[in-house]
Amino acid sequence: EMEEEHSGGVRRRWLVDVARWSPSPTQFQAAAALLPPHHRHAIARFVKEEDRKRALLSRLLQYSLVHRVLGIPFHQIHIYRTTEGKPYLENGPPAFKNFNFNTSHQGDYVGIASELLCLVGLDIVCISKPQGETTVEFLKNFSSYLTGHEWNCIGRAAGSIEMLTEFYR
């Protein structure tokens, strides 16, 4: 299931619940066959099935988004990654030279966002209690990265999950 928001035709926000998709091996291979070989090899490197599924959906979302927004046929889309891992379209139309998108996945969700003029970033985070330490101990690891205001917001939260929710927000 995909939720979509768009304005102006180029700005998109899609979120897919991966847990609701259970492809057979044949279905998985058919979906992967839509992608160029370098993407299929990257997906195949993952050991766990859930990781392969998230990687496949992430890449399919990228191609689907470029196709729907810019009208480029799948086989003519050339998506690569920067050294930092951000995907980019190598052969976009000149009128959309600043068009960019980003994907993220964790847990049950894979998402993608696109923008025409500004750089877009996306991070999907599953909130779960830290293993082997308390929530407060976990959060103290990030003390040098957060402002006083951010710490106050976290400190006002009612419990561990609320503190983690505020931290990730």
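Helices here are DSSP runs of at least four residues, numbered from the N terminus. With that in hand, select residues 160-168: this is helix H6, and Tyr-168 sits in it. Keep in mind as you click around that this is a predicted model.

Now pick Tyr-168 by itself. Its relative accessible area is 32%, so it counts as partly exposed, the band between 20% and 50%. Add Val-125, Ile-127 and Ile-161 to the selection and show a surface: with Tyr-168 they make a nonpolar surface patch, and the four share about 290 Å² of accessible area.

Next, colour by domain. Domain 1 covers 12-115 and domain 2 covers 135-168. Put a pseudoatom at the C-alpha centre of each domain, and the two should come out 33 Å apart.

Stay with domain 1 and select residues 20-115. UniProt, in an unreviewed entry, lists this span as "domain: 4'-phosphopantetheinyl transferase N-terminal". In the model the span is 40% helix and 21% strand, with 27 Å between its end C-alpha atoms.

Last stop: zoom in on strand E5, residues 100-106. How many of its seven residues are buried? Five are, so the strand is mostly covered. Bring in strand E6, residues 109-115, which runs antiparallel to E5 and is joined to it by seven bridges. To check the register, click Asn-102 and look across to E6, where Ala-113 is its bridge partner. Then follow the chain round the hairpin: two residues separate E5 from E6, and one turn residue, Gly-107, has a positive phi of about 60°. While you have sticks on, remember that side chains in a regular strand alternate between the two faces of the sheet.

Terms used: Residues are numbered from 1 along each chain as its sequence is written. This is a predicted model: local features need pLDDT of at least 70, side-chain atom pairs count only at pLDDT 80 or more; totals for chains, interfaces and linings use all residues. Side-chain values use heavy atoms; hydrogens and water are left out. Buried means under 20% relative accessible area, exposed over 50%, partly exposed in between (1.4 Å probe, protein chains only). Two strands pair if DSSP finds at least two bridges between them. UniProt positions are given in the numbering used here, feature names are shortened, and annotations may be inferred rather than shown by experiment. Domain bounds come from an automatic or database domain assignment. Patches are made of residues with over 30% relative accessible area and no salt bridge: like charges are joined within 9 Å, nonpolar side chains (Val, Leu, Ile, Met, Phe, Trp, Tyr) within 5 Å. Accessible areas come from the Shrake-Rupley method with a 1.4 Å probe; for residues, only the protein chains shown count as cover. A salt bridge is a side-chain nitrogen of Lys or Arg within 4 Å of a carboxyl oxygen of Asp or Glu.
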